[in-house]
Amino acid sequence: MNQYPQALTIAGSDSDGSAGMQADLLTFHAFKVHGTSVITACVAGNSYGIHDSVTMPLSFINQEFKDLADDYQVRAAKTGMLGNSDLINTVVDNYQKYDFGPLVVDPVIITKHGDMLLEQDAFDTLKAKLIPLATLITPNFYETQKLAEMEINNDDDMLTAANKLKAMGAKNVMVKGRHDSDDQDEVRDLVLLADGEHFWLTGQYFGTDRKNGTGDTLSAGITAELAKGTSIKESIKLAKDYVDRAIQNEILVGHKYGPINHWASEEIK
Ligand code: PXL
């Protein structure tokens with residue numbers, strides 16, 4: 001019983017299926033792990049942007065965690081949109097109460113297109129309570145600048161910022177490089193591991209408007225591999241590779257900023 005790898009996403013629902021929990025579950029499926037979910041919030045939006053959101057009652061979130069813990073054997077989890085301080089505190093309490101394996105924290109703060117997904121006063125809670133629980137934190141370039149409270153202008157700055165996130169308590173750090181300019185031809189992500197080793201992952205820049213859910217998919221892919229027992233380093237590489245393929249094999253749904261292609265997964269075992 002319960003031998004098949006199981007992963008958990010603690011995240012918000014995105015109505016157009018491009019990001020959030022929907023992207024996470026599609027990724028879990030592609031990586032052949034069973035996906036479970038604790039829904040924290042629901043967002044109404046489409047490829048033009050986000051137009052409304054509501055958060056789930058805290059008692060409901062507690063029940064979701066309990067129901068999973070009572071029956072399933074989750075081997076790795078990730079967080080996505082957590083919305084506000086109360087939600088972060090509830091997730092932290094439940095994560096400490098139950099054993100859901102390593103935790104990947106995708107510090108969802110703001111979408112690529114400028115919609116806020118975390119209330120301003122929740123940063124301190126995120127930093128003080130959630131980041132110290134992270135086996136791996138996967139902020140994008142802008143989230144890194146915000147969390148590390150510094151501007152990043154070059155590789156040395158990126159490494160300094162990654163070390164700051166590590167000093168906040170995240171065991172491993174992956175900082176995603178900028179990928180928002182058609183002038184660039186490559187994207188460089190930085191990985192800083194628990195033992196102090198760091199390395200860069202360089203990928204080709206692919207100019208497209210179909211990039212919604214990229215960060216969610218990356219952290220979900222890593223979580224799925226961790227649930228199978230894969231090392232952090234290998235999990236990061238496999239997930240990054242999947243995201244690159246999902247961006248490069250675009251599908252055309254929605255009129256503006258559409259999703260990446262979660263079918264780009266043939267090689268995953
Ligand atoms: O991609 C960030 C993200 C996370 N979670 C939810 C979202 C989005 C972006 O739209 O809607 C629920």
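**Exercises on a predicted model**

At 26% relative accessibility, Arg75 counts as partly exposed, where buried means under 20% relative accessible area, exposed over 50% and partly exposed in between (1.4 Å probe, protein chains only). This is a predicted model, in which local features need pLDDT of at least 70, side-chain atom pairs count only at pLDDT 80 or more, and totals for chains, interfaces and linings use all residues. Residues are numbered from 1 along each chain as its sequence is written, and side-chain values use heavy atoms, with hydrogens and water left out.

**Exercise 1.** Locate Arg75 and list its contacts outside its neighbours within four places in sequence.

*Solution.*
- Step 1: Arg75 lies in the loop between helix H2 (58-71) and strand S4 (76-79); helices (H or I, at least four residues) and strands (E, at least two) are DSSP runs, numbered from the N terminus.
- Step 2: Contact means heavy atoms within 4.5 Å. With those neighbours set aside, Arg75 is in contact with Asn2, Gln3, Tyr4, Pro5, Gln6, Phe100, Gly101, Pro102 and Ala227.

**Exercise 2.** Describe the largest nonpolar core and the surroundings of Phe100.

*Solution.*
- Step 1: A nonpolar core is a set of buried Ala, Val, Leu, Ile, Met, Phe, Trp, Tyr and Cys residues joined through side-chain atoms within 4.5 Å.
- Step 2: The largest one has 45 residues, and Phe100 is among those with the most contacts inside it, as are Leu8 and Phe65.
- Step 3: Helix H3 (residues 85-97) supplies the largest share of this core, 5 residues.
- Step 4: Not counting residues up to four places away in sequence, Phe100 touches residues including Leu8, Phe65 and Arg75.
- Step 5: Another core, of 28 residues, lies apart from the largest one; Ala224 and Leu226 are among its members.

**Exercise 3.** Characterise the shell around the ligand.

*Solution.*
- Step 1: The residues around the ligand, each with a heavy atom within 4 Å of it, include Gly12, Ser13, Asp14, Val43 and Asp216.
- Step 2: An oxygen atom of the ligand is 2.7 Å from an N or O atom in the side chain of Asp216.
- Step 3: The protein buries 88% of the 310 Å² that the ligand exposes when taken alone.
- Step 4: S1 contributes the largest share of the shell, 3 residues.

**Exercise 4.** Which sign does phi have in Asn2 and in Lys32?

*Solution.*
- Step 1: Most residues other than glycine have a negative phi.
- Step 2: Phi is positive in Asn2, near 65°, and in Lys32, about 60°.
- Step 3: Asn2 is in the segment before strand S1 (6-14), and Lys32 is in the loop between helix H1 (20-30) and strand S2 (34-46).

Key: A polar contact is a pair of N or O atoms within 3.5 Å; within protein, one must be able to donate a hydrogen and the other to accept it, and residues adjacent in sequence count only if both atoms are side-chain atoms. Accessible areas come from the Shrake-Rupley method with a 1.4 Å probe; for residues, only the protein chains shown count as cover. Ala, Val, Leu, Ile, Met, Phe, Trp, Tyr, Cys and Pro count as nonpolar, Asp, Glu, Lys and Arg as charged, and the others, Gly among them, as polar.
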